Amino acid sequence: MLVQTYAPVFLMLAVAMLVAGLFFSLASVLGKKLPTPEKMQPYECGSESSGGRHIKLSVKFYLTAILFVVFDIESVFVYPWALHFRALGWAGMVEMMSFLAVIAVALVYVWRKGALEWES
């Protein structure tokens, strides 16, 4: 029974990976390869890159990325909970409030680290 349920999903994933691999391979083998010095230069939004390439990114960049992931995951979990709010009862309410408390702690952390400050 379980195989009948998930076989179409695995078949679709296998076909998708096969098609992607086939297209990538054909593009690599059959595609034109005319490297010129101009094509081999690094490209950054149509303008010349400036500054050192060895400089590490600011910690605020990573904090902003963490902030995005945390609140993206929050929205993914809160929406289904809201749909089944009445069926979950008090146990579901307590679990969601504890989840939101963890999210609030993450928000306070990034707020204190200054990830919400925008510098120009």
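**Close-up views of a three-helix predicted model**

**View 1. The cover over the buried residues of α3.** The buried residues of α3 have α2 among the elements that cover them, in what is a predicted model. The residues of α3 that are buried are Gly92, Met96, Ile103 and Val110. On the other side of this packing, α2 has its own buried residues, namely Leu63, Leu67, Val70, Glu74 and Trp81, and these pack against α3. An α-helix has 3.6 residues a turn, so residues three or four places apart point the same way.

**View 2. The whole chain, as a setting for the other views.** The protein chain contains 3 helices and 0 strands, and its elements follow the order α-α-α from the N terminus on. Of the 120 residues in the chain, 9% are buried, while the chain exposes about 11,200 Å², of which 71% is supplied by carbon and sulfur atoms. If one takes the contacts between residues at least 6 apart in sequence, 57% of them join residues that are at least 24 apart. The mean pLDDT of the chain is 83, and 86% of the residues score at least 70; by helix, confidence is highest in α1, with a mean of 94, and lowest in α2, with a mean of 82.

**View 3. The aromatic pair that links α2 and α3.** Across the whole structure, a search finds 2 aromatic pairs. In one of them, phenylalanine 77 and phenylalanine 99 meet edge-to-face, with 5.5 Å from centre to centre and 85° between the planes. Because phenylalanine 77 belongs to helix α2 (residues 59–83) and phenylalanine 99 to helix α3 (residues 85–113), the pair ties together parts that lie 22 residues apart in sequence. Phenylalanine 77 is partly exposed, at a relative accessible area of 47%, and phenylalanine 99 is also partly exposed, at 22%.

**View 4. The pair formed by tryptophan 81 and phenylalanine 85.** The ring centres of tryptophan 81 and phenylalanine 85 are 5.3 Å apart and their planes stand at 80°, so this pair is edge-to-face. Tryptophan 81 has a relative accessibility of 16% and therefore counts as buried, the cut-off being under 20%, whereas phenylalanine 85 is partly exposed, with a relative accessible area of 39%.

**View 5. Helix α1 and its kink at proline 8.** Helix α1 covers residues 2–30 and has a kink of about 30°, which is centred on proline 8. At 1.5 Å a residue, its 29 residues should span 42 Å, and the end C-alpha atoms are 41 Å apart, so the two values agree.

**View 6. Helices α2 and α3, compared with their expected spans.** For α2, the 25 residues should span 36 Å at 1.5 Å a residue, and the distance of 37 Å between its end C-alpha atoms agrees with this. In α3, which has 29 residues, the end C-alpha atoms are only 34 Å apart, short of the 42 Å that a straight helix would reach at 1.5 Å a residue. A kink of about 75° is found in α3, centred on alanine 91. After α3 comes glycine 114, and the phi of this glycine is positive, near 90°.

Notes. Residues numbered from 1 in each chain as written. Predicted model: local features only at pLDDT ≥ 70, side-chain atom pairs only at ≥ 80, totals over all residues. Heavy atoms only, no water. Phe/Tyr/Trp six-rings, centres within 6.5 Å; stacked < 30°, edge-to-face > 60°. Helix = DSSP H or I, 4+ residues; strand = E, 2+ residues; numbered from the N terminus. Buried < 20%, exposed > 50% of the residue type's maximum accessible area, 1.4 Å probe, protein only. Contact = heavy atoms within 4.5 Å. Areas by Shrake-Rupley, 256 points an atom, 1.4 Å probe, with all protein chains shown as cover. Expected span 1.5 Å × (residues − 1). pLDDT = per-residue confidence, 0-100. Bend = angle between axes of the 7 residues up to and from the residue.
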